[in-house]
Amino acid sequence: DDLNPLLVAHARRGEVSACEAIFEQIHDVYGFKPTDKNRNILLNAYGKSNFLDEAYKLYTSMVAEKNSVSKPHDGYTVGTMMGIFTQQGDFNGVNDVYDAAVDSGTKVTTAMLDCIVYSHIQRNELKKAEQLCVQATTRIVDEPPTRMWNYLLVAYDLDNLQRVHRKMDSKNVPFDGHTYAALLLALAVGGQPGRGKQIMMEVMPQAGVKVTGFHYAIVMGGFIRTEEYDNVLRLHQEMLQNSDLHTRDTAASTRMQVMKATAMLDQKYLDEGSAEDQFKMADQYFFETLNSGPDDVASTARKGIKGSEALDIAQLYSKFDFYIFLAGHSRAFVKVQELTQQFLSLAPAERKKAIPLKLYSSLMIAQYKEGDHQAVEDTWNMAYDIAKYQARDIKGGRLVLYNRRFDLSRLLSTLTQSYRDTNEMARPKAVVRERRLRTRQQELELIHPSTHTNTRLQRSLRALRDKADVSMARMAEGCRLEIV
């Protein structure tokens with residue numbers, strides 16, 4: 001276990017190759033059999049960086065070893081694997097791992113219950129999730145159920161959030177920094193960042209909860225939402241003067257908010273001129289953020305269940321996301337393509353399939369606006385293969401996971417608009433038909449229509465119908481049902 005600190009350091013940063021190299025030394029160099037703790041750290045590293053096949057293979061080998069000697073599954077192993085399935089939106093996978101663990105005699109942990117609660121939230125089953133949170137307050141578990149209640153707070157609107165907040169208090173569930181972050185976020189989304197700032201500056205210190213750069217970033221985001229950009233810069237200066245905040249704790253997330261506010265304040269973005277002239281000031285903040293070390297973004301380990309993006313890719317993409325949006329919003333579509341290509345050049349070649357589809361959506365829109373319809377189709381083909389890979393069931397079941405079924409909706413919308421504009425209806429028919437045949441060959445489970453409707457896609461379908469090509473509209477809709 002002397003190598004565990006090194007394993008943990010690389011796992012937290014999503015450095016899988018380095019983590020694997022140290023793990024292999026345990027046996028190959030030192031002649032020891034890896035312990036459960038060693039393997040759990042590696043499993044965690046796989047999960048953070050979305051090495052899903054490797055994670056599931058390691059998990060099944062650990063479980064098989066326990067089953068062979070009739071021992072309970074390791075609680076940390078179970079919680080970690082449930083978390084991996086949860087962040088992928090695999091509801092069945094979460095429950096399968098939980099049931100197998102309970103059957104083996106594993107003691108239920110709070111982390112395991114967190115995953116079940118979050119899985120119900122993903123399916124918009126908020127009442128069920130709330131019932132489980134209430135039940136958890138009476139169960140004897142290893143730690144307080146604060147995290148699952150925090151998930152619930154983020155899922156609800158402001159009115160329900162306040163009700164659940166009071167219920168947490170009545171059930172003696174302790175508050176932490178993420179509890180207050182959920183409240184600040186609700187106030188920011190609700191257009192009340194001033195109240196959020198008051199809570200951050202007055203209530204949190206009185207409650208003994210540490211204010212971090214993350215809390216400042218949420219309030220600053222609220223001021224951006226209400227177009228109070230001066231307040232963003234003023235709050236940033238106040239934060240920098242706060243001696244209680246660690247420098248690293250104030251770096252990445254708040255710098256991004258400063259870039260956003262500066263961009264919005266700079267009226268040059270609304271004037272005529274080249275993209276280079278329009279983005280000079282934002283470039284300064286963008287490249288400062290891009291060149292910041294990984295510790296700025298990964299200063300703390302990601303706890304609990306996060307988004308589906310891999311940690312290493314999410315760190316890099318977080319630095320490009322808003323700048324790409326800003327360029328698109330300013331109709332600087334050449335700039336969008338430049339930024340996209342820059343991101344793709346920085347992403348490791350072996351991690352291309354972990355890139356967020358949102359990037360390809362922005363690229364397709366820019367290509368469409370520039371009239372490059374062949375590039376639109378080429379990008380769609382790349383994105384389709386990546387979406388199919390990201391949405392796969394690593395257990396070998398149905399190809400598309402429930403929570404990933406609409407991943408291609410926005411991209412398909414842009415594709416159909418491109419074909420509509422070029423009056424080449426035979427080409428999209430062939431594209432969609434090829435995808436349908438391919439998915440049938442792979443026994444893709446059909447996803448039937450539901451209440452989830454993508455407005456942009458529906459507009460595109462209506463536009464196709466207006467072109468009197470009902471068959472293409474039906475095929476595009478079929479593509480949504482089968483692929484997305």
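**Entry 1: H3 against H5.** I listed the contact between these helices in the predicted model. From H3, Asn40, Leu43, Asn44 and Gly47 take part, and they meet Tyr76, Thr77, Thr80, Met81, Ile84 and Gln87 of H5. I sorted the residues of this contact by type and obtained four nonpolar, six polar and no charged.

I then examined the axes. Those of H3 (residues 36-48) and H5 (residues 75-87) come within 10 Å and cross at roughly 5 degrees. Because angles under 35 degrees count as roughly parallel, I recorded H3 as roughly parallel to H5.

**Entry 2: H5 against H6.** I next followed H5 to helix H6 (residues 91-104); their axes come within 8 Å and cross at roughly 165 degrees. An angle over 145 degrees counts as roughly antiparallel, so I entered H5 as roughly antiparallel to H6. I noted the crossing of H5 past H6 as left-handed.

On the H5 side I found Val78, Met81, Met82, Phe85 and Thr86 in the contact, and on the H6 side Gly93, Val94, Val97, Tyr98 and Ala101. The residues of this contact divide into eight nonpolar, two polar and no charged. Met81 of H5 also appears in my list for the contact with H3.

**Entry 3: H21.** I checked the span of helix H21 (residues 357-369): its 13 residues reach 18 Å from first C-alpha to last, close to the 18 Å expected at 1.5 Å a residue. I recorded Leu357, Leu359, Tyr360, Ser361, Leu363, Met364, Ala366, Gln367 and Tyr368 as buried in this helix. Just after H21, I noted a positive phi of about 80 degrees at Gly371.

Definitions and conventions:
Residues are numbered from 1 along each chain as its sequence is written. This is a predicted model: local features need pLDDT of at least 70, side-chain atom pairs count only at pLDDT 80 or more; totals for chains, interfaces and linings use all residues. Side-chain values use heavy atoms; hydrogens and water are left out. Axes are lines fitted to C-alpha atoms, for helices over the stretch in contact, and angles run from 0 to 180 degrees between N-to-C directions. Helices (H or I, at least four residues) and strands (E, at least two) are DSSP runs, numbered from the N terminus. Angles under 35 degrees count as roughly parallel, over 145 as roughly antiparallel, 65 to 115 as roughly perpendicular and the rest as oblique. Contact means heavy atoms within 4.5 Å. Ala, Val, Leu, Ile, Met, Phe, Trp, Tyr, Cys and Pro count as nonpolar, Asp, Glu, Lys and Arg as charged, and the others, Gly among them, as polar. The expected span of a helix is 1.5 Å times one less than its number of residues. Buried means under 20% relative accessible area, exposed over 50%, partly exposed in between (1.4 Å probe, protein chains only). A crossing is left-handed if the near helix is turned anticlockwise from the far one by less than a right angle, and right-handed if clockwise.
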